[in-house]
Every structure is written in structure tokens, then in C-alpha cells.
Amino acid sequence: MADGSDTTLTADQSPEQASNGLVAGIKSFAAGHGGAKAVIEYVGKRGARIVLVGSDGAWADQFADDTDVARQACATAGVDIENAWERELMDQMRPSNDLWRSMARRTMAR
């Protein structure tokens, strides 16, 4: 099995360019969904997952090298960071029908 990286950083990108792309992605999501809030989750060697929840209930995620980079990117993008998954934030999320179908297939396959 080939030994490789599972991060999205390529050899052509510097860490600064990657974080600029992260900030741009967060800003773009927030602008397209009437604002956003973020929850940052540590995911081990992979780094940190930034889950963005838009004011309209749409959600997406981004990955950063670590939690400090994720917090800095959210601050630069002007997105508030929630400390945990609060009930109000969870109630705001509106999963798509495609997501519900994919989750059902995984449950039924077990």
C-alpha cells in the first residue's frame, strides 16, 4: 500500500495559501447562507474539522491542519465559534434528503 498523505495540502501550496483558501471557503459559505456559526472538532492526525451551520439551516464542513488554525480561520472570516453542539444549533440544521437517504442505506446495510 502506498504511503501518502490524506490532507488536501498539495506540494504546490504553502501553509499560508492553504489557510487563505480555508478562510475564503468559510467566508463564501457564510455569505451564501445569511451568516454562519462554526463548531470545531479535533479529529486526530487529520487535524480539525470545522462544521459550518448557515442561518438558513444548510451546513458544510472544512478541514484545517489543527484546532488553532481552524479557530484563526473562523475569526478571520468573521464566523462565530460555538463551544459545543448546543440544542439550538442542532435544531437549526436542516439535512438534505440525499443525506437522509445515504444514512438510511448505511443503517440498513449493517
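Ala84 lies in the loop between strand S4 and helix H3, which covers residues 87-92. The model shown here is a predicted one. Is Ala84 buried, exposed or partly exposed? Ala84 counts as partly exposed because its relative accessibility is 33%, and the label covers values between the 20% limit for buried and the 50% limit for exposed. Along the chain, Ala84 and Ala38 are 46 residues apart, yet their C-alpha atoms are separated by 9.4 Å. Ala38 is a useful place from which to enter the sheet.

Before that, consider the chain as a whole. The protein chain contains four helices and four strands. Read along the sequence, these elements follow the pattern α-β-β-β-α-β-α-α. The chain has 110 residues, and 24% of them count as buried. Its accessible surface comes to about 7600 Å², with 49% of that belonging to carbon and sulfur atoms. Contacts between residues at least 6 apart in sequence can be sorted by how far along the chain they reach: 50% of them join residues at least 24 apart.

Now to the sheet. The four strands form an open sheet in the order S3-S2-S1-S4, and the pairing is mixed. Strand S3 (59-64) and S4 are the edge strands, as each pairs on one side only. From one strand to the next, the twist averages 30°.

The pairings can be taken in turn, beginning with S1. Strand S1 (residues 36-42) pairs with strand S2 (residues 48-54) in the antiparallel sense, over seven bridges. Within this pair, Ala38 stands opposite Leu52 in S2, and Ile40 has Ile50 in S2 as its bridge partner. The hairpin of S1 and S2 has five residues between the strands, and in it Gly44 takes a positive phi near 75°.

Which strand does S1 join in the parallel sense? It is strand S4 (residues 80-82), joined to S1 by three bridges. Ala38 takes part here too: its bridge partner in S4 is Ile81.

On the other side of the order, S2 is joined to S3 by six bridges, and these two strands run antiparallel. Leu52, already met opposite Ala38, also stands opposite Ala60 in S3. S2 and S3 form a hairpin with four residues between them, and Gly57 in the turn has a positive phi of about 95°. One can therefore step across the sheet from residue to residue: Ile81 in S4 is the bridge partner of Ala38, Ala38 stands opposite Leu52, and Leu52 stands opposite Ala60. In a regular strand the side chains alternate between the two faces of the sheet.

Next comes the helix that packs against these strands. H2 lies across S1, S2, S3 and S4, running at about 175° to S1. Which residues of H2 are buried? In this helix (residues 67-77), they are Ala70, Ala73, Cys74 and Ala77. Seen down the axis of H2, these buried residues fall within an arc of 95°, so they line one face of the helix. On the other side of H2, Asp68, Gln72 and Ala75 are exposed.

The two ends of H2 each have a local detail. At the start, a side-chain oxygen of Asp66 comes to within 3.1 Å of the backbone nitrogen of Asp68. Just after the helix, Gly78 takes a positive phi of about 80°.

Two residues show how the strands and the helix meet their surroundings. Ile50 has its place in strand S2. It counts as buried because its relative accessible area is 0%, and the label requires a value under 20%. Leaving aside neighbours within four places in sequence, Ile50 is in contact with residues including Ala38, Val39 and Ile40, Ala60, Asp61 and Gln62, and also Ala70 and Cys74. Of these, Ala70 and Cys74 are among the buried residues of H2. The C-alpha atoms of Ile50 and Arg71, 21 residues apart along the chain, are separated by 8.8 Å.

Val69, in contrast, has its place in helix H2. Its relative accessible area of 24% makes it partly exposed. With neighbours within four places in sequence left aside, Val69 is in contact with Leu22 and Ala64. Leu22 and Val69 are 47 residues apart along the chain, and their C-alpha atoms are separated by 9.5 Å. Leu22 and Ala64 are also among the contacts of Ile50.

Notes
Residues numbered from 1 in each chain as written. Predicted model: local features only at pLDDT ≥ 70, side-chain atom pairs only at ≥ 80, totals over all residues. Heavy atoms only, no water. Buried < 20%, exposed > 50% of the residue type's maximum accessible area, 1.4 Å probe, protein only. Arc of directions from axis to C-beta. Polar contact = N/O pair within 3.5 Å; in protein donor to acceptor, adjacent residues only side chain to side chain. Pairing = 2+ DSSP bridges. Axes fitted to C-alpha atoms, helices over the stretch in contact; angles between N-to-C directions. Contact = heavy atoms within 4.5 Å. Areas by Shrake-Rupley, 256 points an atom, 1.4 Å probe, with all protein chains shown as cover.
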